[in-house]
Amino acid sequence: MIATIFFYIFAVILVASAATVVSARNPVHAVLFLILAFFNAAALFLIAGAEFLAMVLVIVYVGAVALFFLFVVMMLDVDFAELRSGFQRYLPVGAAVGAILFAELLLIYGGWKITPGAAALRLSPAPAISNTQALGNVLYTDYIFLFQVSGLVLLVAMIGAIVLTLRDRKTSRHQNIAMQTARTAADTLVMVEVGIGVGVKELGIYRPKPPAPAPTPEPAHADAGDHGHGADHGSEVA
């Protein structure tokens, strides 16, 4: 009963967040709602007993793919207003493609067949191996080629994103591995023997001297008449 309640709670949040991913105007908000959808899908996997798929969904899709989408959207600086300008022009084509996909889903659901003994398997005892081990045995034996191809596709996508966002500047300094490897200590270090009491000038380090202070004017003497013109004037009077 509790598992059923949580299933409907996570399912409703998953559908609502998926609809918001499509209808969000801000692409950054759309990626954030996509991360929320991934978390709720992981919770549904846990309820279904597929703990490995839940952890892979959180680690790979939330921790790598969704953040990768977010960084690409933020770094490419795409003018989404210009992209939305032709929305009404391509609306009939998009609606036709959506209708075709919906019809295909209906055909798949109508042709879905359940094995008669599938209901009885739910009451069978648990297998000797875990869900993770069983999935690994199938993935790395029967579908190893498809697994390697999917890894190659992700590698190409990563390299393409790096090439699209790379901005090479002419003023940037590139790394020369051979020059760095051939570099020795004698090319970069200079050993100087400093004697006791050696001044800065003898070491070759010259520092500008501070400016000399301006001379202050001397104050006038009070008895200047006795020593100068006053004495001469007295002798003339006599």
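**View A. Tyr8 and its aromatic partner.** Tyr8 is exposed in this predicted model. Its relative accessible area is 53%. Phe7 is partly exposed, at 37% relative accessibility. The split follows from the cut-off, because exposed means over 50%. Four aromatic pairs turn up in a search of the whole structure. Phe7 and Tyr8 form one of them, and the pair is edge-to-face. The ring centres lie 5.5 Å apart, with 75° between the planes.

**View B. A nonpolar patch on the surface.** This patch covers about 1100 Å². Phe7 and Tyr8 belong to it, and other members include Ile2, Ile5, Phe6, Ile9 and Ile13. Phe33, Leu36 and Ile47 are also among the residues that make it. Two elements, helix H1 (2-23) and H2, give two or more residues each. H1 gives the most, with seven residues. Met1 is part of the patch too. Met1 sits in the segment before H1. At a relative accessible area of 77%, Met1 is exposed.

**View C. Ser17, a buried residue of helix H1.** Ser17 lies in helix H1. Ser17 has a relative accessible area of 3%, so it is buried. Setting aside neighbours within four places in sequence, Ser17 is in contact with Phe33, Leu36 and Ala37. Phe33 and Leu36 also appear in the nonpolar patch of View B.

**View D. The largest nonpolar core.** Eight residues make up this core. Ile35, Phe38, Ala41 and Ala42 are among them. Ala54, Leu57, Val62 and Ala66 also belong to the core. Helix H2 (27-48) and helix H3 (51-76) each supply at least two of its residues.

**View E. Phe38 and its contacts.** Phe38 is a member of the largest nonpolar core. Neighbours within four places in sequence are left aside here. Phe38 is then in contact with Leu57, Tyr61, Val62 and Ala66. Of these, Leu57, Val62 and Ala66 are listed in the core as well.

**View F. Ala43 and Leu57.** Ala43 is found in helix H2. Ala43 counts as buried because its relative accessibility is 12%, and the limit for buried is under 20%. Leu57 is one of the residues of the largest nonpolar core. In sequence, Ala43 and Leu57 are 14 residues apart. In space, 9.8 Å separates them, C-alpha to C-alpha.

Terms used:
Residues are numbered from 1 along each chain as its sequence is written. This is a predicted model: local features need pLDDT of at least 70, side-chain atom pairs count only at pLDDT 80 or more; totals for chains, interfaces and linings use all residues. Side-chain values use heavy atoms; hydrogens and water are left out. A nonpolar core is a set of buried Ala, Val, Leu, Ile, Met, Phe, Trp, Tyr and Cys residues joined through side-chain atoms within 4.5 Å. Buried means under 20% relative accessible area, exposed over 50%, partly exposed in between (1.4 Å probe, protein chains only). Helices (H or I, at least four residues) and strands (E, at least two) are DSSP runs, numbered from the N terminus. Contact means heavy atoms within 4.5 Å. Patches are made of residues with over 30% relative accessible area and no salt bridge: like charges are joined within 9 Å, nonpolar side chains (Val, Leu, Ile, Met, Phe, Trp, Tyr) within 5 Å. Accessible areas come from the Shrake-Rupley method with a 1.4 Å probe; for residues, only the protein chains shown count as cover. A salt bridge is a side-chain nitrogen of Lys or Arg within 4 Å of a carboxyl oxygen of Asp or Glu. Rings of Phe, Tyr and Trp (its six-membered ring) pair if their centres lie within 6.5 Å; planes under 30 degrees apart count as stacked, over 60 as edge-to-face and the rest as tilted.
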